[in-house]
Amino acid sequence: MATALSETSVRDTSLQETTVDKTDNGIVVSARHPAWLRALWHYDPNYDYDLEHHEYDEFHTTDPYYIDSEVRLSPTPEHSVFLDRAGRNLETFLELRGRHCPITREVPIQNLEALPAYPGLARSRYRIEPDLAMWPPETVIAPDRAVSWREQGAPLLVLECLSPATETKDREDNPVIYDLMGVAEYWICSPSDRHPMFGYQRTDAGEWVSVAAGTNREAWSLVLQTRIRTDPVHGFQCQDPATGNWVDMERNLQAKGMEIGRAEGMEIGKAESKREALLDLARGLHPTPAEYQAFVRELDQAPWTEWPDIATVLQRFQR
């Protein structure tokens, strides 16, 4: 499989970092964990941190097994909020375009042992859990959310949210693995303005080439066939080719609500006009008070689309 990645671009991160520590007697030794992790107030040198799959910040973590002082830290809010909005915006865009592609969030892809070996990349690092993955329309995702590369194949598009704990894997390991898997497009995004969106795309010739957003934070998606961007407020967005607007789930729902409200208002107006016309007709035919009240109750109890026409009212009250 063709790849645009250099074999030397994949770094062995088995020690996580090449920085050093000093023991009490001044002996210099390799650090087991990176400096940013050791600086955290809850750092535990004896804990087996899973830096490839989880984030560890000052007050948040995505690791469900990490507990400090019997207090479990919660998932990083910025990361979670970004992914929530990205997933909803992508689903809204696909809905507007009439495409029905399953989307998974943070679901491990299994059976990667069948992938070819890659020089410099240890098999133990062939582990993938995309933050967001968009699959071909015919893909069936099991109820337990398990996904097998051997059975389901590769996602069409993968979106990763950059974080300090997973940056090396997102930038170096994942592009190689997604290339070997046959992923069509891989984007690395960030909630922060400091990191512009960049990624990899598979060309018509099968080459896996690197791409990056321009100075306007926008790029062209071959899979979605539209422009995409990361916005400081709305997160990851796709441009609707039909309108030129950037698709946002919340604004789309608001527009739908206004449309429904206008339609309902028109229907209410029609109902009120028809009711007044029927009542005026009935009063002009001089029914008895009991007959008129019965007629009013019938109108109130039935949908306005089932109300009688003029001929029926004339036949009912003419003597």
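Trainee: How far apart are the closest N and O atoms in the salt bridge that D50 forms with R127?

Mentor: In this predicted model, the closest N and O atoms of D50 and R127 are 4.0 Å apart, and a salt bridge requires a side-chain nitrogen of Lys or Arg within 4 Å of a carboxyl oxygen of Asp or Glu. D50 lies in the loop between α1 (35–38) and β3 (67–68) and R127 in the loop between β6 and β7, so the salt bridge ties together parts that are 77 residues apart in sequence. D50, at a relative accessible area of 22%, is partly exposed, and R127, at 38%, is partly exposed as well.

Trainee: Which residues are linked with D50 in a network of salt bridges?

Mentor: The network links D50 with E52 and R127.

Trainee: How many salt bridges does the count come to?

Mentor: The count comes to 13, and among them is the pair R275 and D300, whose side chains meet at 2.9 Å, N to O. This pair links distant parts of the chain, since R275 belongs to helix α5 (residues 249–284) and D300 to helix α6 (residues 289–301), 25 residues apart. R275 counts as partly exposed at 23% relative accessibility, whereas D300, at 52%, counts as exposed. Another salt bridge joins E106 and R105, with the closest N and O atoms 3.8 Å apart; E106 is partly exposed at 31% relative accessibility, and R105 is partly exposed at 27%.

Trainee: Turning to helices, why does the end-to-end distance of α4 agree with the span that its 15 residues should have?

Mentor: The reasoning takes 1.5 Å a residue, which means that the 15 residues of helix α4 (residues 167–181) should span 21 Å, and the end C-alpha atoms are 20 Å apart, in agreement with that value.

Trainee: Where does α4 bend, and which proline follows?

Mentor: The bend in α4 is at D173 and amounts to about 45 degrees, with the proline P175 following within four residues. After the helix comes G182, whose phi is positive, near 95 degrees.

Trainee: Is the side chain partner of D173, R125, buried or exposed?

Mentor: R125 counts as buried because its relative accessibility is 4%, where the cut-off for buried is under 20%. R125 has its place in the loop between β6 and β7 (132–134), and a polar contact of 2.8 Å joins its side chain to that of D173, the residue at which α4 bends.

Trainee: How many of the residues of α4 are buried, and what covers them?

Mentor: A general point about helices helps first: an α-helix has 3.6 residues a turn, so residues three or four places apart point the same way. In this case, α4 is mostly covered, with twelve of its 15 residues buried, including K169, D170, E172, D173, P175 and Y178. The elements that cover the buried residues include β6 (109–110), α3 (149–152), β9 (157–161), β10 (185–189), β11 (198–202) and β12 (208–212).

Trainee: Which residues form one aromatic cluster with Y178?

Mentor: Y178 forms one aromatic cluster with Y186, Y200 and W208, and Y178 is also one of the buried residues of α4.

Trainee: How many aromatic pairs does a search of the whole structure find?

Mentor: The search finds five aromatic pairs. One of them is formed by Y43 and Y49, which are stacked, at 5.9 Å centre to centre and with 10 degrees between the planes. Y43 is partly exposed, at a relative accessible area of 21%, whereas Y49 is buried, at 6%.

Key: Residues numbered from 1 in each chain as written. Predicted model: local features only at pLDDT ≥ 70, side-chain atom pairs only at ≥ 80, totals over all residues. Heavy atoms only, no water. Helix = DSSP H or I, 4+ residues; strand = E, 2+ residues; numbered from the N terminus. Expected span 1.5 Å × (residues − 1). Bend = angle between axes of the 7 residues up to and from the residue. Buried < 20%, exposed > 50% of the residue type's maximum accessible area, 1.4 Å probe, protein only. Contact = heavy atoms within 4.5 Å. Polar contact = N/O pair within 3.5 Å; in protein donor to acceptor, adjacent residues only side chain to side chain. Phe/Tyr/Trp six-rings, centres within 6.5 Å; stacked < 30°, edge-to-face > 60°.
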